[in-house]
Amino acid sequence: MAFREINAKMVEATVAPGQKLFSQRGAMLAYQGEVSFTPNTAGGQGGIMSMIGRRVADEDTPLMTVEGSGTVLFGHGGHHIQVIRLTGDTLYVEADRLLAFEGSLQQGTMFLGSQGGVMGMVRGQVSGQGLFTTTLKGHGAVAVMAHGGVIEIPITPQRPVHVDPQAYVAHHGDVRNKLSTALGWRDMVGRGSGEAFQLELSGSGAVYVQASEEKL
């Protein structure tokens with residue numbers, strides 16, 4: 001396991017020879033040992049298509065490749081940090097929420113319209129994600145950023161979860177999502193997203209929700 005949570009706003013990563021970490025530029029707070037940080041232009045393990053996808057998505061969040069032998073402290077902007085461990089499934093998360101992740105994970109980009117058509121695209125605008133989101137797939141750990149703390153809510157076939165789109169952080173598993181309106185269009189004028197829209201997630205997995213509706 002590469003990440004150890006020091007406190008709510010800082011994680012320590014162990015860097016071992018022959019292994020890579022990817023981090024958001026500016027996320028390194030301190031390090032010990034022989035560790036190198038180099039700008040990443042290949043989009044992580046996802047390759048050049050992942051990088052192109054992020055540019056098309058206006059999610060050109062610069063990554064650093066972290067290699068060597070030692071430990072690194074990561075944090076950014078005083079944001080709360082949540083470590084998510086993946087065991088073969090796919091995590092869906094905004095690119096600018098990524099603090100750091102293990103190089104064993106494959107990075108990609110997904111068009112939100114493919115998960116809900118027009119309403120999927122509306123969801124992206126309401127949640128602040130835009131039209132695309134980042135995917136991380138495989139076995140490994142991810143450190144993501146949020147406002148005011150994060151709670152993990154299990155999603156089961158019998159108990160779908162409804163989330164304010166602006167409080168949504170990420171989800172993983174075999175999960176379907178759709179955006180629905182909680183009110184009629186005339187009633188939505190002047191109301192916040194949580195009152196006007198609901199993001200419904202169903203299936204098997206988990207969703208991560210932040211304690212604030214503030215975007216990073």
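This is a short tour of a predicted model, stop by stop.

**Stop 1: the largest nonpolar core**

Select Phe3, Val11, Leu21, Val66, Val72, Phe74 and Leu99. The largest nonpolar core has 18 residues, and these seven touch the most other members. Now colour the strands. Strand S2 (10-15), strand S5 (63-74), strand S6 (80-93), strand S7 (98-102) and strand S9 (132-146) each give two or more residues to this core. In soluble globular proteins, nonpolar side chains tend to be buried together.

**Stop 2: Val11**

Stay in the core and centre on Val11. Which residues is Val11 in contact with, once neighbours within four places in sequence are left aside? Start with Phe3, Arg4, Glu5 and Ile6. Then find Val72, Leu73 and Phe74. Finish with Ile81, Val83, Leu99 and Ala143.

**Stop 3: the second core**

Next, select Leu63, Leu98, Val142 and Ala170. They are among the 17 residues of a second core, separate from the one before.

**Stop 4: Leu98**

Keep Leu98 selected. Leu98 lies in strand S7. Is Leu98 buried or exposed? Its relative accessibility is 2%, under the 20% limit, so Leu98 counts as buried. Now show its contacts, skipping residues up to four places away in sequence. Leu98 touches Gln24, Val93 and Gln107, along with Thr134 and Leu136. Leu98 also touches Val142, Ala143, Val144 and Met145. Pick out Val144 from that list. Leu98 and Val144 are 46 residues apart along the chain, yet their C-alpha atoms are separated by 4.7 Å.

**Stop 5: Thr90**

Move to Thr90 in strand S6. Thr90 has 16% relative accessibility, so it counts as buried. With neighbours within four places in sequence left aside, Thr90 is in contact with Thr135, Leu136 and Lys137. Thr90 is also in contact with His171, His172 and Gly173. Leu136 appears on the contact list of Leu98 too.

**Stop 6: the salt bridges**

Side chains of opposite charge can pair when their charged atoms come close. How many salt bridges are counted here? The count is two.

Select Arg4 and Glu12 for one of them. Their closest N and O atoms are 3.1 Å apart. Compare the two partners. Arg4 is partly exposed, at 47% relative accessibility. Glu12 is buried, with a relative accessible area of 18%. You met Arg4 earlier, as a contact of Val11.

Now select Glu94 and Arg97. They form a salt bridge with their closest N and O atoms 3.4 Å apart. Here both Glu94 and Arg97 are buried.

How values were computed. Residues numbered from 1 in each chain as written. Predicted model: local features only at pLDDT ≥ 70, side-chain atom pairs only at ≥ 80, totals over all residues. Heavy atoms only, no water. Core = buried A, V, L, I, M, F, W, Y, C linked by side-chain atoms within 4.5 Å. Buried < 20%, exposed > 50% of the residue type's maximum accessible area, 1.4 Å probe, protein only. Helix = DSSP H or I, 4+ residues; strand = E, 2+ residues; numbered from the N terminus. Contact = heavy atoms within 4.5 Å. Salt bridge = Lys/Arg side-chain N within 4 Å of Asp/Glu carboxyl O.
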